Amino acid sequence: MPESKFSRKTQQAIKKFTDRIEPFRVFNMWLDEITSGKIKRKALVYYGVGGIGKSRLLSELMATVDERNRESDGHTVTILFAGMDVHEYNSPSAVLLGLRKQIRFPCILFDYGLVKYLSSIGKSADQIKEFIPKNSVLWDVTGDILEAIHIPVGLIDKIAIRVREKYSVQFKEYHDEIDAIDACQRNPEAISERLPHLLGIDISIASRSKDSVFAIFLDSYESIYRRQDFELLNSEPDEFIQELLLSSERTLFIIGSREYLKWEQKDPSWHEILDQHILDYLSDQDSDYFLKSVPIPDESIRKSIISSSKGLPLYLDLCVEIYLRNKDNNISGYDFIIPTNEIIPRFLSHLSDDERTLFTALSYIHFFNFNIFEILVKELNIPVALSNFEEITDHSFVLKVEDIEGIYKVHDNFYEYVINNPTISEKTRIIDKIFSGVINYLNENKHNIPYDSLVVFYPNVMNLLSYIPEASISTGEKFIELSIFLIDAGYWNIVGNISGQIIKKRPEDDRIQFLYAAYLRGIGMLENSIKILENINSENALFGNYKDYISYYRADTLRVMGRFSDALTTFKGISEKYKDNMSRELYLKSQNQIGDLTFLSGKFSDAMNIMESAYGKQNTNCVLFAEMIRIEGHIYRFNFMFENALEKYFNAMELARKFNILRLQGELYNNLAESYCWFDPEKALEYGKKSVEINKNLNAPVEYGKTYAALSIASSMRGDFSSSLKYSDLAMDTQEQVKYPGGMVYAQGSYCFMYIKTGNMNKFMKHYREMKRIVGNLGAIKYTMLPYYVYLNAPELRDMEKNMQWLDYENTLKTVDAILKR
């Protein structure tokens, strides 16, 4: 049998199910085998085409567990569930946490590891309490303290010590696992990799102590393979599930998938654990049994339905709904003699006009909640009572999204038919109204809707643009505003993916081109981004009040490309245009950029004055204010006034966390690494690893490229020159790929510092000259040369003192000199 790579060291034949009795039999058989102790674990996989009834089967199996528990003789079955198609489960740790929250028993080892992990990625204690379930041992040892106050992150380790003291028996028994977590030294990737193993052990402990068997249901399993973020975090996207399975005892995994799992191709011993069954179309006999139970007494009607539906459960359900709506109207078997692909349109034809409009609208939006249901009813003037929502969601083609409270989806088969049907009456008008109503709702509530829900709804409503000629100016403004909000928060991948799809159908739509260009800027494809931005008509009336954002993003991209003068001219033009409306977001954004570019030229004091005059005493509790104080942190950092810089960065981080802005958090972790690398290399390595993890997940190479340079300097300070060279190479390769000259300067600087420490003057001079050449071409960031001018006692020092606004030049020189002599 395969083993967990963390454990202490110590293909079933495919069977076609032509009924639904056998799936229940084999499910109960494996539960009995596990309960009796004959086997420790099993993975039961049901796979088949969409609409075959996998989700329904899993729901029915879960219902039988409740009945089984009521009739049990003391052995109970504990159910855990995760629908993998929900965006909330966007990483292995998110899936594991979702399962953990459903466990009512203490999970001592997992909670210990989870707290260490969350702390290592920068969550503060009051943020961590949002992740830890109330039945966690963490709550036991801290009482009400986590609920009452904001705790400094440093207290987390003290809490962990108290956990170890109170639960000494468990920690003695599993000391190897705990020692392994402690040995990770706040390395989030290493801790994250062990979390499934820890949760599996906790499940095993709970099973033995509570005399319970666990049944873990995983639906839409194929979604794991379509998620880029899973691929980034694991060599195989579902490796964490394998680890959880191998570490869990007395556990049956039930997996619903469109595809056969191929684990045994790499390791044949998986045959012993996997029991995979294709979920085939229902047999005529089983279909007839189902139809009799409705009941449909007329045999001719049953035969026609069976023939038309061909045993696909979704189509059987729709035929039953047609029958129940018409059974008092002399319906006969002839009414169901229809091609299988005509069942959905036949079902729609039997609805009233209002019902058809509603179900069509729900299909267009695909995912919905009560608020969106209410919007559709009002926008389309459908005379349906809002109190009928539960009745609407009870239809066979509406599925509950188990993983996010209150969200439902229209079955994929139903959705695909409706969205691609060109014959639906007034399709364009309906979609236009839906788009307008839902976009307005999402935009007006964007600060209140959780990001997990927002990123479910956003791509689906944006997809509607593919089916309407063009939205109105007001609506166009709203979806641009919403998209910019998501981009600023770090969700440019969500915006970029759907924009890229829409472009194929609307290649001439400047607004979609703009959003796609903003996405390309986020992922570091600068030349591609600027090419699109320069070809967009900035006077296009459909941009409404957001047309100046085209110029803003163009200038921002030019800035990163090193074209500082061009960028500054544009930002000043935007700022001048909005100076009479200083509270406007675009004005503040531009002022931040002007301040940034001013300090890049070495005018540190002027940069401070520019930004502080823009904000004054206003707007001090917003994301843009956090951006401003982050730039102030840069000014102090490049003056080597690290205490002041860190104060600014940590203040900005507090706001970034408050507003949950992942992009800004990633940038700030990079800035912390860039600060600490000069005087506290251990902290630099800690923050640098957080930066790399976050920015890689965000696909932000400009940021993690700069972090690599900082990690190189930190490694040189520790005397670890092999790591330093590796990080410098990574920094240079990353920045050359995105063609970010500023990043190349930092990379060259990291080489220079390494060769100062190793005493290799020839290699130092090679990189020094290259760094000086790039700085000269940029005509800016000359202050980055200071440590190397000091090292050489170069004549350029006099020019730097004269032509730059150093905050305290003598103190800066002393600090640099002390760093070089360490």
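1. By the side-chain criterion applied here, the count of salt bridges comes to 39, and it should be kept in mind throughout that the coordinates belong to a predicted model. The pairs in the next points are examples from that count, chosen with their setting in helices and their degree of burial in view.

2. Within helix α29, which spans residues 548-560, Asp556 and Arg559 sit 3 residues apart, or about one turn of the helix. Their side chains meet in a salt bridge, with an N to O distance of 2.9 Å. Asp556 has a relative accessible area of 8% and is therefore buried, given that the limit for this class is under 20%. Arg559, at 17% relative accessibility, also counts as buried because its value falls under that limit of 20%. The pair does not stand by itself, since Arg521, Asp556, Arg559 and Asp596 are linked in a network of salt bridges.

3. A second pair joins two helices: the side chains of Glu627 and Arg663 meet in a salt bridge at 2.6 Å, N to O. Glu627 belongs to helix α33 (residues 623-638) and Arg663 to helix α35 (residues 662-676), so this contact ties together parts that are 36 residues apart in sequence. Both ends are covered, for Glu627 is buried with a relative accessible area of 13%, and Arg663 is buried with a relative accessible area of 11%.

4. A third pair is formed by Glu796 and Lys772, whose side chains meet in a salt bridge with an N to O distance of 2.4 Å. Here Glu796 lies in helix α42 (residues 796-803) while Lys772 lies in helix α40 (residues 761-778), so the pair ties together parts that are 24 residues apart in sequence. In this case neither partner is classed as buried: Glu796, at 23% relative accessibility, counts as partly exposed, and Lys772, at 32% relative accessibility, counts as partly exposed as well.

5. As for covalent cross-links between cysteines, the structure holds 0 disulfides. Two cysteines may be noted for their burial: Cys677 counts as buried at 1% relative accessibility, and Cys752 is buried with a relative accessible area of 0%.

6. Strand β4, residues 212-219, is mostly covered, with 8 of its 8 residues buried. In a regular strand the side chains alternate between the two faces of the sheet. In β4, Ser212, Phe214, Ile216 and Leu218 point one way, whereas Val213, Ala215, Phe217 and Asp219 point the other way, and all are buried. The burial thus applies to both sets of side chains, with Asp219 included.

7. The neighbours of β4 can be named on the basis of its pairing. Strand β3 (residues 76-83) is joined to β4 by 8 bridges, and the two run parallel; within this pairing, Ile79 stands opposite Ala215 in β4. Strand β5 (residues 251-257) is joined to β4 by 5 bridges, again in the parallel sense, and the bridge partner of Phe214 in β5 is Thr251.

8. A further sheet is open and consists of 3 strands in the order β7-β9-β8, with antiparallel pairing. Strands β7 (367-368) and β8 (398-400) stand at the edges, each with a single partner strand, so one side of each is left without a neighbour in the sheet. Between β8 and strand β9 (residues 408-410) the antiparallel pairing extends over 3 bridges, and Lys400 stands opposite Tyr408 in β9.

9. Turning to helix packing, the axes of helix α25 (residues 473-489) and helix α27 (residues 510-522) come within 11 Å and cross at roughly 5°. That makes α25 roughly parallel to α27, because angles under 35 degrees are placed in this class. The contact is made by Gly476, Phe479, Ile480, Ser483, Ile484 and Ile487 in α25, which meet Arg511, Ile512, Phe514, Leu515 and Ala518 in α27.

10. Residues of α27 recur in the surroundings of Ser499, a residue placed in helix α26 (residues 492-505). Ser499 is buried, with a relative accessible area of 1%. Leaving aside residues up to four places away in sequence, Ser499 touches Ile512, Leu515 and Tyr516; Ile512 and Leu515 are also among the residues of α27 that meet α25.

How values were computed: Residues numbered from 1 in each chain as written. Predicted model: local features only at pLDDT ≥ 70, side-chain atom pairs only at ≥ 80, totals over all residues. Heavy atoms only, no water. Salt bridge = Lys/Arg side-chain N within 4 Å of Asp/Glu carboxyl O. Helix = DSSP H or I, 4+ residues; strand = E, 2+ residues; numbered from the N terminus. Buried < 20%, exposed > 50% of the residue type's maximum accessible area, 1.4 Å probe, protein only. Disulfide = S-S within 2.5 Å. Contact = heavy atoms within 4.5 Å. Pairing = 2+ DSSP bridges. Axes fitted to C-alpha atoms, helices over the stretch in contact; angles between N-to-C directions. Parallel < 35°, antiparallel > 145°, perpendicular 65-115°, else oblique.
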